[in-house]
Each structure stands twice: as C-alpha cells, then as structure tokens.
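Notebook open, coffee next to it. I want to look up two things here: the pocket and one of the helices.

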Amino acid sequence: MNIVELLDKSKTKLNISSDYALAKALEINSGDVAGYRNGARRPTPYALVKIALLLDLDPLALIAAAEAQAEKNPTRKGFWENFLRRVNSAVAVLVVCYIALCGSGHANSGAGFFRRGKYA
C-alpha cells in the first residue's frame with residue numbers, strides 16, 4: 001500500500017474529506033500531507049506511526065515498508081525488505097498464538113482464558 005492509499009484510508013476512517021483536516025487529526029503540517037501526496041516529501045516516522053495507529057497497522061512494518069520503497073542503495077534496500085519480512089513473520093506468529101489462545105470455546109463462552117474450574 002502506498003502513502004496516497006494510506007492517506008485516503010485515513011480520511012475515510014476519520015470520515016473527513018480534506019487533507020487539511022487530516023493533517024490536523026494526525027498532528028502534522030498540511031504542507032507535509034500535500035508533499036506526501038505528490039511525492040515531493042517522504043513521510044516522517046512520526047506521520048507513519050500516527051497513520052499506522054489510526055488504521056490498526058503495525059507501525060514498524062509501515063516504517064520499514066516506506067524505507068524499503070524509498071531507499072536507492074541496494075544493500076540498504078535489502079536490509080529494509082528483510083526487516084519487513086521479519087516484522088511480518090513476527091506479527092503472523094502473534095496472530096496464530098492469539099487465535100490458539102482465544103479461539104477456544106472458553107474465550108467464546110465469556111468464561112475467559114483464566115476460567116476457574118467447577119471445584120476450584
């Protein structure tokens with residue numbers, strides 16, 4: 001997903017139509033949003049984290065993706081791409097663990113994970 005798509009999704013999530021309102025919501029300069037949109041500026045880590053938190057994305061993954069996309073040096077580009085794969089792998093493991101722990105009948109029954117036994 002590129003920055004323009006992220007900005008548009010952020011506006012949709014906030015139910016706003018202007019980049020100015022988005023900049024205020026993200027607590028960044030409106031000129032920065034325009035620069036991100038037209039490719040004149042790279043998003044700062046602060047802006048990426050604010051967007052990630054708004055859209056329920058992993059901030060580290062978003063930063064790594066932006067760095068990998070912008071990097072011209074092949075060695076550094078490879079570093080960011082590898083880092084992004086590692087971050088995504090870690091997130092996948094956490095999701096599987098969460099599903100394994102909370103996907104059982106106990107979690108769905110409202111009893112919770114730390115359910116007391118009948119005779120405890």
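Before I start on the backbone, I note that a helix here is a DSSP run of H or I with at least four residues, and that helices are numbered from the N terminus. I also remind myself that this is a predicted model.

**Entry 1, the end of α2.** I checked what follows the helix. Just after α2, E27 has a positive phi of about 60°.

**Entry 2, the buried side of α2.** Which residues of α2 are buried? I looked through 19-26 and got D19, L22, A23 and L26. They sit on the same side of α2, because the arc they cover around the axis is only 100°. I then asked what these buried residues pack against. I found α1, α3 (30-38) and α4 (45-54) as their partners.

**Entry 3, the other face.** I turned the helix around. Y20 and K24 are exposed, and they are on the face of α2 turned away from its buried side.

**Entry 4, the largest pocket.** I looked up the volume of the largest pocket and got about 300 Å³. Its lining comes to 17 residues, and I3, P43, A66, Q69 and A70 lie nearest the centre. Sorted by class, I have 11 nonpolar, three polar and three charged residues in that lining.

**Entry 5, who lines it.** Which helix gives the most to the lining of the largest pocket? I get α5, with six residues. For the record, α1 (3-14) and α5 (59-70) each supply at least two residues of that lining.

Conventions. Residues are numbered from 1 along each chain as its sequence is written. This is a predicted model: local features need pLDDT of at least 70, side-chain atom pairs count only at pLDDT 80 or more; totals for chains, interfaces and linings use all residues. Side-chain values use heavy atoms; hydrogens and water are left out. On a 1 Å grid over the protein atoms alone, a cavity is a set of points where a 1.4 Å probe fits but cannot get out, and a pocket is an open set with protein on both sides within 12 Å along at least five of seven lines; lining residues have an atom within 4 Å of a point. Grid points are joined across faces, edges and corners, and a volume is the space filled by probe spheres set on the points. Ala, Val, Leu, Ile, Met, Phe, Trp, Tyr, Cys and Pro count as nonpolar, Asp, Glu, Lys and Arg as charged, and the others, Gly among them, as polar. Buried means under 20% relative accessible area, exposed over 50%, partly exposed in between (1.4 Å probe, protein chains only). The arc is that of the directions from the helix axis to the C-beta atoms. Contact means heavy atoms within 4.5 Å.
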